[in-house]
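I opened this notebook to record what I looked up in the structure, entry by entry. The topics are surface charge, strand pairing, salt bridges and backbone geometry.

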Amino acid sequence: RPATAIAAAHIPCSGERASGFTQDLVFIYFFETGSRSMRPGWDLCPPLSAAALGTLDFSLLYDQENNALHCTITKAKGLKPMDHNGLADPYVKLHLLPGASKANKLRTKTLRNTLNPTWNETLTYYGITDEDMIRKTLRISVCDEDKFRHNEFIGETRVPLKKLKPNHTKTFSICLEKQLPVDKTEDKSLEERGRILISLKYSSQKQGLLVGIVRCAHLAAMDANGYSDPYVKTYLRPDVDKKSKHKTAVKKKTLNPEFNEEFCYEIKHGDLAKKSLEVTVWDYDIGKSNDFIGGVVLGIHAKGERLKHWFDCLKNKDKRIERWHTLTSELPGCGGALADSGNRGGRW
């Protein structure tokens, strides 16, 4: 029998997938006198039909200290042609699962007439907690923008966030896959009202408590357009004279508003232990009562992070302490959903 020559071709298909496996396609060719046969070794890649959708390079970084998830979309290669000219107008859309709200969706700019787009664009989710990193999955979709019809889906991939290490950038190079179904029942069971970033500082110079309303994230949509027009109110309770109310400006058509406003409550440091800070987020409506989105109470009777935030403020004079808090659907003693009934006719 003639000697057999063996040659192996190692073809990388995707450097790293959401499952954590390295995906390689290995072909082994057996050459014999007068004949040639090809026998695949193992094939962990998607089938050719899926691989033909294209590949996507991106990186993820969970900034644990600032509760932020940075998603850098680098480039795509060999995307499936979607337009009559044999090209596409691609963009990338991010979606945190579970969660059906528009607040969970971010997208890159659209690049025209290319199957090999380079974005180098970083999209950031704020208010991401360690709990989110355990139970949420990032869905990354590549789509084709169409001016005259609905945008078309090209391919997607999904990354369980528990695969990421805090404060370490993880780089991915994956083959896009066909669209997978989203579990709608799971979305509803884990629905949230949103989150708010609050800063507290007792100022010895001003003899008062400085309350900073920094931003909100993932707010519930209250309007028909899928957005809200949010603003924030704060009270220092008990409030016998009813003079402690402060309000931020209204931010139009957003579920991730940035306020960066600060209010000062003149109060002796020793009296703060008897007080509670009530923070509520509202959707501004013209001609009717504003809608309650969610709220949080910080103080001596609070629990968990809300109590810890308050105590840390009391113990550390002149130090600004910033924390994210999850909004609840009702406040203690309010007995159900709230309505800003005094805000009719567009007055807030």
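**Entry 1. A positive patch**

I began with surface charge and found a positive surface patch formed by Lys93, Lys102, Lys105 and Lys253. The model is a predicted one, which I keep in mind for every entry. I then looked up two of the patch members in turn.

Lys102 sits in the loop that runs between β6 (90-97) and β7 (105-107). Its relative accessible area is 39%, so I entered Lys102 as partly exposed. Lys253 belongs to the loop between β15 and β16. Lys253 has 52% relative accessibility and therefore counts as exposed. I also noted its backbone: phi of Lys253 is near 45 degrees, a positive value in a residue other than glycine.

**Entry 2. Strand pairing around β5**

Next I asked which strands β5 pairs with, starting with β4. I found that β4 (residues 55-63) and β5 (residues 68-77) pair in the antiparallel sense over nine bridges. Within this pairing, Leu61 stands opposite His70 of β5. The hairpin of β4 and β5 has four residues between the strands, and there Asn67 takes a positive phi near 50 degrees.

I then turned to β8 (residues 118-126), which pairs with β5 in the antiparallel sense over seven bridges. Here I recorded Thr118 in β8 as the bridge partner of Lys75.

While in β8 I looked up Asn120, which lies in this strand. Phi of Asn120 is near 50 degrees, again a positive value in a residue other than glycine. With 56% relative accessibility, Asn120 counts as exposed, since the cut-off for exposed is over 50%.

**Entry 3. Salt bridges**

How many salt bridges does the model hold? The count comes to 16 salt bridges. I followed up three pairs and one network.

Arg135 and Glu131 form a salt bridge, with their closest N and O atoms 3.7 Å apart. Both residues lie in helix α2 (residues 130-135), four residues apart, which is about one turn of the helix. I checked the exposure of each partner. Arg135 is partly exposed at a relative accessible area of 25%, whereas Glu131 is exposed at 51%.

The second pair is Glu258 and Arg215, whose side chains meet in a salt bridge at 3.7 Å, N to O. Glu258 lies in strand β16 (residues 258-266) and Arg215 in strand β13 (residues 208-217), so this pair ties together parts that are 43 residues apart in sequence. Is Arg215 buried or exposed? I found Arg215 buried, with a relative accessible area of 13%. Its partner Glu258 counts as partly exposed at 42% relative accessibility.

The third pair is Arg237 and Glu278, joined by a salt bridge in which the closest N and O atoms are 3.3 Å apart. This pair links distant parts of the chain, with Arg237 in strand β14 (residues 230-237) and Glu278 in strand β17 (residues 276-283), 41 residues apart. Arg237 counts as partly exposed at 31% relative accessibility. Glu278 has 15% relative accessibility and counts as buried, because buried means under 20%.

I closed this entry with the network: salt bridges link Glu305, Lys308, Asp312, Lys315 and Arg323.

**Entry 4. Cis peptide bonds**

I looked up the cis peptide bonds that precede two prolines. Leu97 and Pro98 are joined by a cis peptide bond, with omega about -5 degrees. I located Pro98 in the loop between β6 and β7; Lys102 of the positive patch lies in that loop as well.

Arg237 and Pro238 are likewise joined by a cis peptide bond, with omega about -5 degrees. Pro238 has its place in the loop between β14 and β15 (246-247). I noted that Arg237 appears twice in these pages, here and in the salt bridge with Glu278.

**Entry 5. Asn260**

My last query concerned Asn260, which is found in strand β16. At 52% relative accessibility, Asn260 counts as exposed. What separates the C-alpha atoms of Asn260 and Leu197? I recorded 9.7 Å between these atoms, the two residues being 63 residues apart along the chain.

How values were computed. Residues are numbered from 1 along each chain as its sequence is written. This is a predicted model: local features need pLDDT of at least 70, side-chain atom pairs count only at pLDDT 80 or more; totals for chains, interfaces and linings use all residues. Side-chain values use heavy atoms; hydrogens and water are left out. Patches are made of residues with over 30% relative accessible area and no salt bridge: like charges are joined within 9 Å, nonpolar side chains (Val, Leu, Ile, Met, Phe, Trp, Tyr) within 5 Å. Accessible areas come from the Shrake-Rupley method with a 1.4 Å probe; for residues, only the protein chains shown count as cover. A salt bridge is a side-chain nitrogen of Lys or Arg within 4 Å of a carboxyl oxygen of Asp or Glu. Lys and Arg count as positive and Asp and Glu as negative; His and the chain ends are not counted. The place of a charge is taken as NZ of Lys, CZ of Arg, CG of Asp or CD of Glu. Helices (H or I, at least four residues) and strands (E, at least two) are DSSP runs, numbered from the N terminus. Buried means under 20% relative accessible area, exposed over 50%, partly exposed in between (1.4 Å probe, protein chains only). Two strands pair if DSSP finds at least two bridges between them.
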